[in-house]
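Could you walk me through this structure in plain words, with the cut-offs explained along the way? I would like to follow it from one contact to the next.

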Amino acid sequence: MKEFSYTITDGQGIHARPAGLFVKLAAGFASKVTIGKDGKNVDAKRILGVMSLGAKKGSEVVVKADGEDEDTAIEALSNFLKENL
């Protein structure tokens with residue numbers, strides 16, 4: 001299992017457009033991918049779960065990947081968050 005933490009810098013937090021793109025990216029990996037905030041973890045491949053975190057600017061999220069392509073998944077999702085949120 002691989003994981004990384006990221007602090008949201010976007011003024012709107014995780015909102016619909018980037019959340020949808022994040023979910024689409026996560027769904028492309030065979031690994032189980034989760035995203036969590038304040039101890040609540042959700043399936044990163046489900047838009048309602050990601051939106052339910054209510055991550056605002058300054059919130060720290062933790063993304064975890066577990067499976068055959070976990071290294072690639074973590075790298076891609078980390079880059080996505082840094083570029084978009």
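At 49% relative accessibility, D71 counts as partly exposed, because that class lies between buried (under 20% relative accessible area) and exposed (over 50%), using a 1.4 Å probe and protein chains only. D71 has a charged partner: it forms a salt bridge with K2, and their closest N and O atoms are 3.5 Å apart. A salt bridge here is a side-chain nitrogen of Lys or Arg within 4 Å of a carboxyl oxygen of Asp or Glu. K2 belongs to strand β1 and D71 to helix α3, so the pair ties together parts that are 69 residues apart in sequence. K2 is partly exposed too, with a relative accessibility of 37%.

A word on the ground rules before going on. This is a predicted model, in which local features need pLDDT of at least 70 and side-chain atom pairs count only at pLDDT 80 or more, while totals for chains, interfaces and linings use all residues. Residues are numbered from 1 along each chain as its sequence is written, and side-chain values use heavy atoms, with hydrogens and water left out.

Now follow β1 into its sheet. Four strands form an open sheet in the order β1-β4-β2-β3, with antiparallel pairing. Helices (H or I, at least four residues) and strands (E, at least two) are DSSP runs numbered from the N terminus, and two strands pair if DSSP finds at least two bridges between them. In general, strands of a sheet pair through backbone hydrogen bonds, either parallel or antiparallel. Here β1 (2-7) and β3 (40-43) stand at the edges with a single partner strand each, so one side of each is left without a neighbour in the sheet. On average, neighbouring strands of this sheet are turned by 25 degrees against each other, direction ignored.

Helix α3 packs on this sheet, where it touches β1, β2 and β4 (60-66), and its direction makes about 5 degrees with that of β1. Contact means heavy atoms within 4.5 Å; axes are lines fitted to C-alpha atoms, for helices over the stretch in contact, and angles run from 0 to 180 degrees between N-to-C directions.

What links α3 to another helix? The ring of F80 in α3 (residues 70-84) pairs with that of F22 in helix α1 (residues 16-27), 58 residues apart. This is the one aromatic pair found in a search of the whole structure. The ring centres are 5.9 Å apart and the planes stand at 50 degrees, so the pair is tilted. For such pairs, rings of Phe, Tyr and Trp (its six-membered ring) need centres within 6.5 Å; planes under 30 degrees apart count as stacked, over 60 as edge-to-face and the rest as tilted. Both partners are buried: F22 has a relative accessibility of 2%, and F80 one of 11%.

Back at the sheet, look at the pairing of β2 (residues 32-37) with β3, which is antiparallel and runs over four bridges. Among the bridge partners, I35 faces V42 of β3, and T34 is matched with D43. The two strands form a hairpin with two residues between them. In that turn, D38 has a phi near 50 degrees, a positive value in a residue other than glycine.

D38 also takes part in a salt bridge with K37, at 3.2 Å from N to O. D38 counts as exposed at 71% relative accessibility, whereas K37 is buried at 15%. A search of the whole structure finds two salt bridges.
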